[in-house]
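Please look through the structure below, following one strand and its partners before turning to the helices.

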Amino acid sequence: MTLAIVLAADPAAGHLTERLAAQWRRAGADDVRIAADLTELADLVAAATGPVLVSGADLVAHTAVLKHLATSPVGPTVALVLTDPPTPGQATVREERGQVVEVGAAEASGVFGGALRVGAADLPALAEAARRAAGGGPLDAVDRLVADLAARGTLIFAHRVRLLVAHRVGDEAQRVAAESAVAAVDEDRAELKLSVKERDDFFTTFFVSTWSPYVTKAAARIGIGPTGVTMVSVAFAVAAAVLFGAGGRPALVAGAVLLYLGFVLDCVDGQLARYTRHFSAWGGWLDTMADRFKEYVVYAGLGFGATHAGFRYGWALALAAMTLQTVRHMTDTWYGALHDEAARRPKVVTADAGGIGGKLNAASTRVQADTGSVSYWLKRTVVFPIGERWALIAIAAALFGPLVALVAVLVWGTLAFAYTGGLRTLRARWMRVPVLTTVDAGLHRDDGLLVRTLPTARRPLLLAVLGALGAAGTLVWALLAVHGGGDLPVFVPVLALVLLLLGAAQASRAPHDGSLDWLVPAALRAAEYLFAIAVGVAGRAPAWLIFGYVLVLTLLHYDLTARLEKRQSAPPLHAATLGWPGRSLLLAIGLIAGYASIALATIGAYLLVVFVASVVLAWVVLPARARGGVRSPG
């Protein structure tokens, strides 16, 4: 149950208090209370069992602003932040990467908007902050509350107001002006525009978002939910993959059109969630998983099509594209976590603040602020985001065929990886934030039970990179042996596996506190994928089977990534996936026994069953038990 509290002790209480109470009800609050002071607010919070919405009585805003704050998916605790000039009694704030990193900041990026949503886990901190702030001070009561909450280290995300209106008023003239501004805006029309991301990539901005809101509006009217749109998008991508595999100019053009429409729907599902405010952990997880599944199924279609057209290595190119993209995504996720951690830490001027890392950080900030400039769009395009990838695939496949599409994806993807990797490495060394000390490194390394018996070694990144290089060397050796007409000596993959286990796995329990240790998960993903491919090549397994096995591995790893991004716990059956060392050991045994294909098929099928069972447990069975009934996720 969601409780909303209007703190009437703030200025301009009067009739605004009742209006705010009514607005909170329309915004979705189950219960609305009016507190005379912070002590009464603390008592109400202490008895609450669900999220709590708090606002002062001096806020004049669209109801949609309050609804957006109440339903914001970015975090459990969110504060309204305005660009209005601060007035006496109002707290200034400084934000970085969407987080309120300082309240009462001298170098402020905004002013506290007088309203916040506090998640259930942060309610004890809110109650204590209210009791401490009840003693008075130079700030207004609600501002003292958020300042004390932030001082306790509570992670607070910022909710900015765009297109809609929200102002804190101190007298009758300000109230009249704010109410006039609210009345002048078409609330529903503004909400539809707000469903489009404020900053998106070039292709999405100019070739999708210019018309996708109309689809979003239509979907909302006929009652299709975001999950339904996601499923239709998956169907379009699968159909495009089939057409790419079939070949022939008409099929390739039709596949390109379906791929484009599938990407439009991929944007619409998020826009629909924002427009209808229907957010859920399930929907966020499904969107992440569906995006990757769609892209990799398209790679499979292109690989089959290229092979069918007479190119011997079509599946190999598809495997390379999938492996490259997954490793890139792993670095994206962990670098984002690194940046978030850096944003929450106090600013410290280091000796190399004016060095290349500091200069790159300052330059990136300037470019991101200059929205619409050539440099801004170049920066967003060169990193090869999903819109540009799907556009390139569609155009290249329609005009030149599957082979050119795969080669183009690999070339641009490699250049983008080199560009982002180099710049991020320099910036990470400048930030000096050991991100893996704040998360479960063992879980996201996907080590499993096998490595717990190994001794601990230092330098996890070095060992992970050496493991990846060893797996790559094994793959090269396997390719040379097979193409030379011979067989790969069994001791080669066995030796490579031993090096992997005694090297990369040995550092599982070591502190991941180096400035570049955020690269460890990506290096381990590369090591496992390359080793699996090497086993398949050495065992002369069908290329499509190797692709299918690695695809299942990516599903397991994207499940972990999605949970990290959504701040969720490990999958229910994660231990049953054996960890990358256990899976690699079983593959090596299968190769030694002469049954590499059977090993790939059996282990892959087992992992797929475990993955599906884990999804059902996580999103259907366990939530149903918590609710006391059985319902599918919404």
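In this predicted model, a useful place to begin is strand S5, which covers residues 78-82. Five of its five residues are buried, that is, under 20% relative accessible area, and S5 is therefore largely enclosed by the rest of the structure. The side chains do not share one direction: Val78, Leu80 and Leu82 point one way from the strand, while Ala79 and Val81 point the other way, and all are buried.

The pairing of S5 can be followed on to two further strands. With strand S8, residues 110-118, S5 pairs in the antiparallel sense over four bridges, and Val81 has Phe112 of S8 as its bridge partner. With strand S9, residues 156-160, S5 runs parallel, and four bridges join them; here Val78 has Phe157 of S9 as its bridge partner.

Among the helices, H13 spans residues 314-344, and its length can be checked against expectation: at 1.5 Å a residue its 31 residues should span 45 Å, and the end C-alpha atoms lie 46 Å apart, which agrees. Because 26 of the 31 residues of H13 are buried, this helix too is largely enclosed by the rest of the structure.

A helix crossing completes the tour. The axes of H12, residues 281-308, and H17, residues 402-431, come within 8 Å and cross at roughly 130 degrees, which makes H12 oblique to H17. The crossing by which H12 passes H17 is left-handed. On the H12 side the contact is made by Tyr299, Leu302, Gly303, Gly305 and Ala306, and on the H17 side by Pro402, Leu403, Ala405, Leu406 and Val409.

Methods: Residues are numbered from 1 along each chain as its sequence is written. This is a predicted model: local features need pLDDT of at least 70, side-chain atom pairs count only at pLDDT 80 or more; totals for chains, interfaces and linings use all residues. Side-chain values use heavy atoms; hydrogens and water are left out. Helices (H or I, at least four residues) and strands (E, at least two) are DSSP runs, numbered from the N terminus. The expected span of a helix is 1.5 Å times one less than its number of residues. Buried means under 20% relative accessible area, exposed over 50%, partly exposed in between (1.4 Å probe, protein chains only). Two strands pair if DSSP finds at least two bridges between them. Axes are lines fitted to C-alpha atoms, for helices over the stretch in contact, and angles run from 0 to 180 degrees between N-to-C directions. Angles under 35 degrees count as roughly parallel, over 145 as roughly antiparallel, 65 to 115 as roughly perpendicular and the rest as oblique. A crossing is left-handed if the near helix is turned anticlockwise from the far one by less than a right angle, and right-handed if clockwise. Contact means heavy atoms within 4.5 Å.
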